[in-house]
Structures are given as structure tokens and as C-alpha cells.
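Biologist: Could you walk me through this one? I'd like to hear the reasoning behind the labels as well as the labels themselves.

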Amino acid sequence: MNSTFTGINQSRAAYGLSYGGPAEGVVVSNSRFSSNRNHGIALCGVNGLTLVDVTSTENVQYGWYIDGPVENTTITDCSSIDNISTGVVLNTASCTGMLFEYFTSRGNGGNGYTIINAGTEITFKNCDGSDNRGDGFNVCNGWCGVLFDGCRADSCGDADHAGSGDGFTTHNTASITMRYCSARDNYKSGFAGVGDSDVRIYYSRFSHATNGIIGMIFMSGTGEIILHNNTIYSGATNVGAGIDVAAGCCADIRNNIIRGFSVGIAVGAGASLIEGHNNIFLSANRGMGFPISSSDVSYDPWFYNGQNDLRIRRGSGCVNKGTGLGYNRDYGNNPIRGNPDIGSWEVVNSGSGIVPMGEPYFKGGRFGWGINH
Ligand SMILES: [Ca+2]
């Protein structure tokens, strides 16, 4: 079948949009689902559906609920805003070929995104999970192969919901990769791995103006955590932990800037650890539970503007002080020149006419890069 539904507005119904079964060639676009009595959008067992510019707002339950096996379904430039419960619930063990791209889930009473039911392989590209009352992105029940690429989760959680409020979190033997992601001013951590998850995070940035209530990067259980070329920043001095890894974990922590914590890197005794080439600055205790590497340094990274702009300046001592780990691009999509610089940004030689890329931003529902925006 080939059908396009566009311009649908549905409110105050049981569901805004409910769709199940084969959907090859079906497109839903430019449609609004608000103030419905259950979920704004419920998809069950769909195959081949395309959704573009579809919003779900102020519904009584979830903004989007996706259930059962979902295949070859693409969701682009869509959103879930101000729903009473979670913005997006992905409750499926199978979602072959599914892509979330430029999805905004903000202002919801639960998590921005909850990904459950032990599925495999899904990509979130340039998605936003900020300003939710729970976590930004919550992966649980053994989901494997989740990629967060260019995603952000800022200002999630509050003291009235102290059980949640992480930017990104994984549970129960999940496995995820985060690259070029941002978590800022969340109530708890920037990233928390709980219950034997495997995690790889590189060229991402995590910051608090003051500090969250647990480590900025927190890892419990017996999983593996790889942290390469991240910038981990507290605007305060000597508060909390930058990286807090449990004894049962296997950790590889290299080329990171860690600034402003009571403990820069805390590792439980007996953890398997590769650590080095980190810049741990303004931390009363640079390393706890292990002897820090002689390749680590401690000096002002020389940021442009604190957590508002965590690029480092050309004269920073972080330049070329990292060790080669095989990456080609930094957080701002700049190429790696010479040895990697420590942290998530590579200094750009503005003298050659190349313009610094700056921080990412959202504008008109799109990610972009720049300094003046
Ligand atoms: Ca370099």
C-alpha cells in the first residue's frame, strides 16, 4: 500500500493515533495529537511506517508508546512534549531498521525516553531528552546495541523525584555507545550505569553548574566502561566525584578532562583499570582507589566560557597531550590533528582560516553548530 496521511489533528479521544500491522509505504506527516485520554500515539507491530513532523502533546499517559516488533519504521523531526507520563516508551524486543532522528522529548512528567524489553540495535541521532521530570534517556531490561549519536539531555529530574534525574542511564546488562552527546545540569548524574551494563562513551561532554547528587559519571555492578576524550565539568570546586566506578567493573579511562570535583576519578579496589592521559584539575583528590598514571596532568584546561563553552583555547596545555585511540573527529566535528587533545574538543587552528565550530545548539527543531546563534 502507498498512502500519505497529512494534517491530522486529533484531541480528546481515547488515543490520538493508534496503528498496528503492515504499513509499507504509509506516511504520516504534519500531524498533531494532543490532550487525548491515553497515549497520544500508540504503534503496535508496525512494519514500514514513516512519520515526519508529528507531535504528541499534553496527553494523559505517554506521548508515544511503541509496542511489539517494529520494523523499518523511521521517525524524523517529531516530538513529544508536556505529556503527563513519559515522552517515549519503546517496549519492544525487536525493532529492525528503526531510527529516531531529530526527535524532541521535553517537559514530560516521566522520562524523556524509556527503552525496555531486551531489544537489540537501535540508533537515536540528534535527539533531545531535556527538561523531563525523570531521566532524559533510560535504557533498561537488557537492551543491547543502543547508539546515542549527538543526543542531549539537560536539566532533568528534581528533588521531589530523587529516584531519577540522570541525563542518560542504563540498567540490567544493557549495552550502549554514546558519542558526541551532552548532559548538563541534571539532578543526579550525567551518565549512570546500573546493573552490569557495558558502556562506551567518547567525545561527549558532561557538566553541572554546581554538582549533581551522585558522580557525574557513575558505574556500579560488574560491567565494562570505556571513557575516552570526554569533558567532565563542575562549575564548583571540590564537590562530589567526576567519575565513580565500582570495584567489579572493568574500566578504560583515558584522554578526559575532569574539572572541579572532590575526587576526580574514584575506582573501587580491585577493579580492572586502564587509566592515563587525563587532565584532572581543581580536585582535592585526583584519584581514589588506585595510583594515578604518570601520564596524567593537572592544569587549567583554559575553556572558552566554563560550561557554556567547553572548547579549549589554542594555548591550552591539553593540546596534543592525549594518546592515540583511533578516533577521527571531535565533539564539534573537527578532525583530530597530531596527537589527540585531551577532552572532547580538538583545538582548531583559526589562523588557517578554519572557523571554530563552537557548541551544538537547537534552533527550529534542528541541531546545529556554532558560536553565534
Ligand atoms: Ca591535536
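What follows is a chat about how the terms used for this predicted model are justified.

Biologist: What makes the protein chain as compact as a globular protein of its length?

Modeller: Set the radius of gyration against the globule rule, which is 2.2 Å times the number of residues to the power 0.38. For 373 residues the rule gives 21 Å, and the chain's radius of gyration is 21 Å, so it counts as being as compact as a globular protein of that length. Its C-alpha atoms fill a box of roughly 60 × 50 × 35 Å along the principal axes.

Biologist: And what is it built from, how many helices and how many strands?

Modeller: Zero helices and 37 strands. Twelve of those strands form an open sheet with parallel pairing, in the order β3-β5-β7-β10-β13-β15-β18-β21-β24-β27-β30-β33.

Biologist: Why are β3 and β33 called edge strands?

Modeller: Each of them, β3 (17-22) and β33 (285-288), pairs on one side only. From one strand to the next, the twist in this sheet averages 10°.

Biologist: How do you know that β30 and β33 pair?

Modeller: Pairing takes at least two bridges between two strands. Three bridges join β30 (residues 263-267) to β33, so the pair qualifies, and the two run parallel. As an example, Val263 has Asn285 in β33 as its bridge partner.

Biologist: Which strands make up the open sheet of six?

Modeller: The order is β17-β20-β23-β26-β29-β32, with parallel pairing. Its edge strands are β17 (152-154) and β32 (279-281), each pairing on one side only. Here the twist averages 5° from one strand to the next.

Biologist: What makes β29 and β32 a pair?

Modeller: The cut-off is at least two bridges. Strand β29 (residues 257-259) has three bridges to β32, so these parallel strands pass. The bridge partner of Ile258 in β32 is Ile280.

Biologist: Now the inside. Which residues have the most contacts within the largest nonpolar core?

Modeller: Phe148, Ile217 and Ile243, in a core of 89 residues. Across the whole chain, 50% of the 373 residues count as buried.

Biologist: What puts Ile217 in contact with Ile243?

Modeller: Contact requires C-beta atoms within 7 Å. Ile243 is on Ile217's contact list, so their C-beta atoms meet that cut-off. Leaving aside neighbours within four places in sequence, that list also includes Phe191, Phe206, Leu227 and Ile232.

Biologist: What share of contacts links residues 24 or more positions apart?

Modeller: 59% of the chain's contacts with a separation of 6 or more.

Methods: Residues are numbered from 1 along each chain as its sequence is written. This is a predicted model: local features need pLDDT of at least 70, side-chain atom pairs count only at pLDDT 80 or more; totals for chains, interfaces and linings use all residues. Helices (H or I, at least four residues) and strands (E, at least two) are DSSP runs, numbered from the N terminus. Axes are lines fitted to C-alpha atoms, for helices over the stretch in contact, and angles run from 0 to 180 degrees between N-to-C directions. A residue is buried if 20 or more other C-beta atoms lie within 10 Å of its own, exposed if 12 or fewer, and partly exposed in between; C-beta atoms are placed from the backbone. Two residues are in contact if their C-beta atoms, placed from the backbone, lie within 7 Å. A nonpolar core is a set of buried Ala, Val, Leu, Ile, Met, Phe, Trp, Tyr and Cys residues joined through C-beta atoms within 7 Å.
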